[in-house]
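Biologist: Could you take me through the surroundings of the ligand in this model, piece by piece? I would love a close look at that one part.

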Amino acid sequence: MNHKKIRQIFLSFFKRKKHKILNSASIVAKKDYSLMFTNAGMNIFKDFFLGKKKSQDSRIANFQKCLRITGKHNDLFEVGKDTYHHTMFEMLGNWSFGDYFKKESIKWAWELLTEVYKIDKSNIYVTIFKGNKEDKLSFDRESFKYWNKKIDDSKILLFDKKHNFWEMGTTGPCGTCTEIHVDLRNEKEKFKIPGNNLVNKKHPLVIELWNIVFIQFFRKSDGTLVKLPTFHVDTGMGFERLCMVLQKKKSTYDTDIFTDLIKYIAQHTDQIYGVTETIDLAIRIIADHMRSVVFAIYDGIIPSNNKYGYVIRKILRRIIVTYYLTLKIKKPFLFKLVKPIICYIQNSHLNKSHLKYDLSTIIYDISTMILMEEKLFLKTIKLGINKLEKIIEKLRETKCNIIDGKIRKIIYWLYDTYGLPLEISQRIIYKRIPYPMII
Ligand code: ATP
Ligand code: MG
């Protein structure tokens with residue numbers, strides 16, 4: 001099943017359950033002063049949960065582009081190292097605003113995953129809230145009851161507030177949640193360690209797929225909870241992870257969302273993906289980050305020195321440092337990756353508003369922007385390296401040990417004054433690639 005079909009099946013399923021289907025909103029959260037980028041499907045519905053606005057539709061299903069590189073949700077340092085976190089990913093969601101609650105949410109999630117997508121039931125685990133004395137909440141008996149109609153007790157796992165109680169902030173709407181996890185290991189591995197021991201343990205093949213939040217309370221400023229007049233459902237399922245499960249892959253990077261992009265990167269850098277771990281890691285970082293950059297530019301951000309533009313410029317520079325250091329690429333090439341990413345957006349998203357510009361114009365404009373950024377930063381790197389090499393030369397002449405406190409100061413000075421990335425100076429001096437990168 002290709003990714004286009006997987007998305008379409010999700011949306012048609014909830015359409016049949018009388019949901020209004022919405023296209024993704026922008027990845028840039030310009031109207032929300034507490035956020036820079038959209039980091040979850042619920043962001044755009046916040047006012048409904050806060051009771052500030054009323055939704056015209058009590059049932060909605062959508063997919064939402066999310067960026068987790070700043071603030072509370074920052075997955076930047078997981079990316080590439082693991083095989084299921086991305087800086088930019090899409091979240092599929094179904095929403096009830098004062099309409100259905102636990103019974104339907106659980107029933108439909110199970111129906112979609114096991115009967116429509118046909119995920120093997122024996123690989124599914126669910127988690128529910130185990131209760132909390134301070135909040136005077138007992139364990140989520142209702143969710144347990146509905147899950148237990150579908151799945152054996154041994155696969156319903158109880159977790160605390162950290163995992164199974166969702167809050168918008170220190171005050172505001174909140175509630176318990178139930179998560180669906182999938183075990184993708186082979187039978188031998190499963191025999192050695194049962195899946196329920198690995199849920200929420202950061203195992204790359206026992207992963208969280210879908211989070212279903214039941215917004216039922218309001219946390220007051222004195223910390224107590226009161227019941228909301230109407231209850232809501234907020235769900236989020238990672239699209240790349242769903243594709244990984246349905247396409248029977250061990251990594252989201254092996255799904256058809258990424259394969260073309262990875263092929264292009266390997267081609268343009270003269271590398272083979274899947275042979276050496278350090279090379280693979282660099283290729284994954286480039287693929288992931290380039291999607292973030294292109295999606296953000298597509299939604300109106302221009303790399304620059306302030307706010308949104310600065311964050312995107314930093315991500316772009318992180319990619320350049322990665323290819324410069326690990327893949328030994330010294331010439332711009334990222335601009336060539338714009339085309340497959342834009343084609344992905346155009347092929348899979350329902351929103352055609354950007355089509356007032358034709359496809360080739362969009363690709364040309366974004367590629368040019370990225371090419372300029374690459375040229376500029378590669379020039380900065382070259383200049384900085386020249387300075388550093390001269391300094392090292394001088395220190396050697398004076399027989400000074402270059403690996404001491406003084407050189408550390410110089411590294412920071414070069415970064416501050418000439419913008420030479422710390423990672424590159426460190427690479428030249430210490431002869432190793434530092435990871436995670438600081439940039
Ligand atoms: P995890 O513990 O795996 O980081 P999470 O608890 O941060 O997940 P939620 O915030 O509940 O996840 O988001 C809902 C769903 O979105 C998750 O169940 C997962 O499938 C997906 N998801 C979350 N973060 C990422 C990410 N960085 N990349 C890809 N998918 C993600
Ligand atoms: Mg997370």
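Modeller: Happy to! Three strands, β3 (88-97), β8 (206-219) and β9 (225-238), each supply at least two residues of the shell around ligand 1. Of these, β8 gives the largest share, with 4 residues. Please keep in mind that this is a predicted model.

Altogether, 14 residues surround ligand 1, and the closest are D75, H85, H86, E208 and L209. By character, the shell divides into 5 nonpolar, 5 polar and 4 charged residues.

Three of those closest residues deserve a look at the level of atoms. H85 uses its side chain: an N or O atom there is 2.6 Å from an oxygen atom of ligand 1. With H86 the backbone takes part instead, as one of its N or O atoms lies 2.9 Å from a nitrogen atom of the ligand. L209 also comes in through the backbone, where an N or O atom is 2.9 Å from an oxygen atom of ligand 1. As for cover, ligand 1 taken alone exposes 580 Å², and the protein buries 83% of that area.

For some context beyond the ligand, here is the core. The largest nonpolar core has 111 residues, and M290 and L334 have the most contacts inside it. Helix α9 (residues 277-298) gives the most to this core, contributing 12 residues. Domain 1 (3-246) and domain 2 (258-432) each provide at least three residues of the core. In soluble globular proteins, nonpolar side chains tend to be buried together.

Definitions and conventions
Residues are numbered from 1 along each chain as its sequence is written. Chains are lettered from A and ligands numbered from 1 in the order in which they are written. This is a predicted model: local features need pLDDT of at least 70, side-chain atom pairs count only at pLDDT 80 or more; totals for chains, interfaces and linings use all residues. Side-chain values use heavy atoms; hydrogens and water are left out. A residue is near a molecule or strand if one of its heavy atoms lies within 4 Å of it. A polar contact is a pair of N or O atoms within 3.5 Å; within protein, one must be able to donate a hydrogen and the other to accept it, and residues adjacent in sequence count only if both atoms are side-chain atoms. Accessible areas come from the Shrake-Rupley method with a 1.4 Å probe; for residues, only the protein chains shown count as cover. Ala, Val, Leu, Ile, Met, Phe, Trp, Tyr, Cys and Pro count as nonpolar, Asp, Glu, Lys and Arg as charged, and the others, Gly among them, as polar. A nonpolar core is a set of buried Ala, Val, Leu, Ile, Met, Phe, Trp, Tyr and Cys residues joined through side-chain atoms within 4.5 Å. Buried means under 20% relative accessible area, exposed over 50%, partly exposed in between (1.4 Å probe, protein chains only). Domain bounds come from an automatic or database domain assignment.
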